[in-house]
Amino acid sequence: MAPQTRGLSFPKVVIERDSDSEESSSEEEDLEEEEEAEVENDAGEESDEGHVEEKDEPSTSTKSRREPITISLKKVCKVCKKPGHEAGFRGATYIDCPMKPCFLCKMPGHTTMTCPHRVATEYGVAPAPFKSTHSSMEYVFERQLRCRISAIKPTFVIPNQVNCAVIRYHSRRVTCLEFHPTRNNILISGDKKGQLGVWDYLKVHERTVYGNIHGCILNNMKFSPLNDGTVYGASSDGTVSSTDLETGMSLTLVNLNPDGWQGPNSWRMLYGLDMNFDKGILLAADNFGLFYMVDTRSDNIIGKPILIHKKGTKVTGLHCHPLQPDLLLSCGNDHFARIWDMRRLEAGASIYDLPHKRVVNSAYFSPQTGSKILTTSQDNRLRVWDSIFGNLDSPSREIVHSHDFNRHLTAFRAEWDPKDASESLVVVGRYISENYNGVALHPIDFIDVSTGQLVAQVMDPNITTISPVNKLHPRDDVLASGSSRSIFIWRPQENFELKRPRDESRIVLCGKGEKYRKGKFQDDSDDDLDNDAYGSKSSKTKKPNLKSKARGFKQKR
């Protein structure tokens with residue numbers, strides 16, 4: 001059955017003639033206005049381009065009048081590039097392209113609004129049996145690692161209420177977040193401009209942004225194992241930096257573009273970053289599929305770069321095993337996640353390759369035992385392998401989740417809860433918005449990956465932007481989320497009510513004019529089209545109106 005097209009009325013632009021004596025150069029120009037008017041009246045009917053209906057020649061006196069020229073702007077679908085229909089967000093509703101399958105699950109036969117995965121996240125997800133290989137690795141797993149996993153799954157504690165926030169903290173969108181390894185109240189953040197922010201979210205107003213660290217996107221950050229006051233950063237300017245958080249002094253450890261810009265074919269950008277704590281080696285990977293090892297003591301690259309993913313493709317992430325740092329997990333734009341042994345690291349020598357259908361945004365070992373693997377792919381799938389010592393030919397579970405985006409956003413990454421002893425709770429932002437009391441909101445989802453069940457979806461009616469960057473605290477029941485240029489701290493509601501008085505100032509507004517529009521925490525970043533239902537810019541400045549979840553907080557001026 002041919003797809004049904006929607007009849008749409010296209011906007012018109014009216015152009016006034018410059019002078020009374022100006023005349024059209026042909027009969028087609030004289031009749032263009034009448035032709036476009038007929039097209040507008042026939043909703044849903046297509047007309048041949050360039051077709052001109054015959055009509056009587058207007059008189060000379062009629063020609064000499066100042067008559068507007070009406071131009072019809074015919075829109076085309078952004079997905080299939082064909083006219084007659086549109087696809088995308090309309091308020092909180094996502095309209096699918098009739099030429100394509102469901103945007104959420106990528107399967108034909110239904111739309112995103114009627115997708116069964118939208119109704120129940122765990123739809124179609126069945127726990128896979130443990131795939132035994134009867135190998136020595138399985139024996140080691142059962143004797144040494146299985147005993148570390150709690151047999152009784154604890155009750156999940158979900159941070160579900162905004163405790164404090166800094167609105168328009170960064171000058172561009174937030175790209176990465178890290179909690180301080182020893183100071184529980186310190187959050188480190190990076191943005192698209194290369195800035196590094198240090199925020200004490202207990203004192204709320206104590207915040208610092210260092211703008212001289214990198215020239216462009218700060219993609220990843222890791223703390224030094226020897227000095228918790230030093231943080232390493234990998235940037236799209238091709239450098240790895242070491243920054244002192246107290247002074248903001250930065251030292252460049254690696255510069256892959258010493259000669260500056262030589263064209264897109266030679267410009268190297270660093271994305272993946274991790275630390276091998278046993279050896280004290282910093283690991284980084286670039287957009288050409290190459291892997292680098294950096295000695296943090298001598299600030300030099302060890303050996304030659306190693307090709308760990310397809311040549312010319314971006315390596316999006318690196319993660320060392322929490323118990324055996326010589327085991328390395330990488331992922332990239334070549335649709336693979338790969339497991340490596342750093343003691344025998346060379347091109348094509350991966351221990352195992354985990355195929356995906358599209359780009360892999362992230363891949364992580366589980367935080368307690370490292371026996372599980374969690375990946376986030378652009379095909380709207382979270383994939384889980386229950387045991388790295390079992391059969392890795394196929395994932396134990398595939399969970400459909402909305403994180404395939406087509407905007408200027410930081411990539412979505414599902415991350416483990418480092419405090420969960422059962423290694424089953426993950427947090428990930430959602431792309432497709434939902435209608436909550438007439439407002440389009442993008443929740444942050446907590447998912448039990450052992451069953452595929454949606455445990456909780458947290459949101460605030462004042463946050464109408466998308467939250468792709470989320471980080472759970474390694475020791476406290478705290479969630480930090482980066483939404484456009486703002487950062488929010490979430491805590492469980494019961495603790496929030498008991499420990500934090502309502503009259504304490506917990507919301508800080510930054511940015512030009514400290515504008516606060518419509519009572520929403522909206523950002524006006526020039527590269528983030530996060531808000532579906534409302535415009536991101538406004539010429540009016542409105543007084544603060546902290547309602548709903550943030551009601552009662554005082555604004556700092």
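Which residues line the second largest cavity? In this predicted model, the lining consists of H442, I444, V458, M459, D460, I463, T465, S467 and W490. By class, five of these lining residues are nonpolar, three are polar and one is charged. The volume of the second largest cavity is about 60 Å³. A search of the whole structure returned three cavities of 30 Å³ or more.

Open space was also examined. The largest pocket encloses about 1,200 Å³. Its lining comprises 46 residues, and those closest to the pocket centre are E178, K222, H319, E415 and K471. Of the lining residues of this pocket, 27 are nonpolar, 12 are polar and seven are charged. Several strands contribute to the lining of the largest pocket, with at least two residues from each of β6 (174–179), β10 (218–223), β14 (270–276), β19 (315–320), β23 (360–365), β27 (415–416) and β33 (469–472).

Three of these contributors, β6, β14 and β23, were followed into their strand pairings. Strand β6 belongs to an open sheet of four strands, ordered β6-β7-β8-β9 and paired in the antiparallel sense. The edges of this sheet are formed by β6 and β9 (206–210), each of which pairs on one side only. From one strand to the next, the twist averages 20°. Within the sheet, strand β8 (residues 196–200) runs antiparallel to β9 and is joined to β9 by five bridges. One position in this pairing is L196, which stands opposite Y210 of β9.

Strand β23 is part of another open sheet of four strands, with the order β23-β24-β25-β26 and antiparallel pairing. Because β23 and β26 (397–400) each have a single partner strand, one side of each is left without a neighbour in the sheet. Neighbouring strands of this sheet are turned against each other by 15° on average, direction ignored. Strands β24 (residues 373–377) and β25 (residues 381–385) are antiparallel and share five bridges. In this pairing, L374 has V384 of β25 as its bridge partner. In a regular strand, side chains alternate between the two faces of the sheet.

Strand β14 pairs with strand β15 (residues 281–286) over five bridges, again in the antiparallel sense. The two strands form a hairpin with four residues between them. In the turn, G280 has a positive phi of about 65°. N276 of the hairpin has I281 in β15 as its bridge partner. Strand β14 is mostly covered, with seven of its seven residues buried.

Positive phi values were also found in residues other than glycine. Most residues other than glycine have a negative phi. K106 has a phi near 65° and is located in the loop between β4 (93–95) and α3 (116–119). With a relative accessible area of 27%, K106 is partly exposed. N437 has a phi near 55° and lies in the loop between β29 (434–436) and β30 (439–441). N437 is exposed, at a relative accessible area of 83%.

A further loop position is D326, placed between β19 and β20 (327–332). D326 counts as buried because its relative accessibility is 18%, below the cut-off of 20%. The C-alpha atoms of D326 and R344 are 9.4 Å apart, the two residues being separated by 18 positions along the chain.

The cysteines were considered last. A disulfide is a covalent bond between the sulfur atoms of two cysteines. The structure holds zero disulfides. For C115, the closest cysteine sulfur is that of C105, at 3.7 Å, and this separation is too far for a bond, since a pair counts as a disulfide within 2.5 Å. C115 is buried, with a relative accessible area of 0%. C176 also counts as buried, at 7% relative accessibility.

Notes:
Residues are numbered from 1 along each chain as its sequence is written. This is a predicted model: local features need pLDDT of at least 70, side-chain atom pairs count only at pLDDT 80 or more; totals for chains, interfaces and linings use all residues. Side-chain values use heavy atoms; hydrogens and water are left out. On a 1 Å grid over the protein atoms alone, a cavity is a set of points where a 1.4 Å probe fits but cannot get out, and a pocket is an open set with protein on both sides within 12 Å along at least five of seven lines; lining residues have an atom within 4 Å of a point. Grid points are joined across faces, edges and corners, and a volume is the space filled by probe spheres set on the points. Ala, Val, Leu, Ile, Met, Phe, Trp, Tyr, Cys and Pro count as nonpolar, Asp, Glu, Lys and Arg as charged, and the others, Gly among them, as polar. Buried means under 20% relative accessible area, exposed over 50%, partly exposed in between (1.4 Å probe, protein chains only). Two strands pair if DSSP finds at least two bridges between them. Axes are lines fitted to C-alpha atoms, for helices over the stretch in contact, and angles run from 0 to 180 degrees between N-to-C directions.
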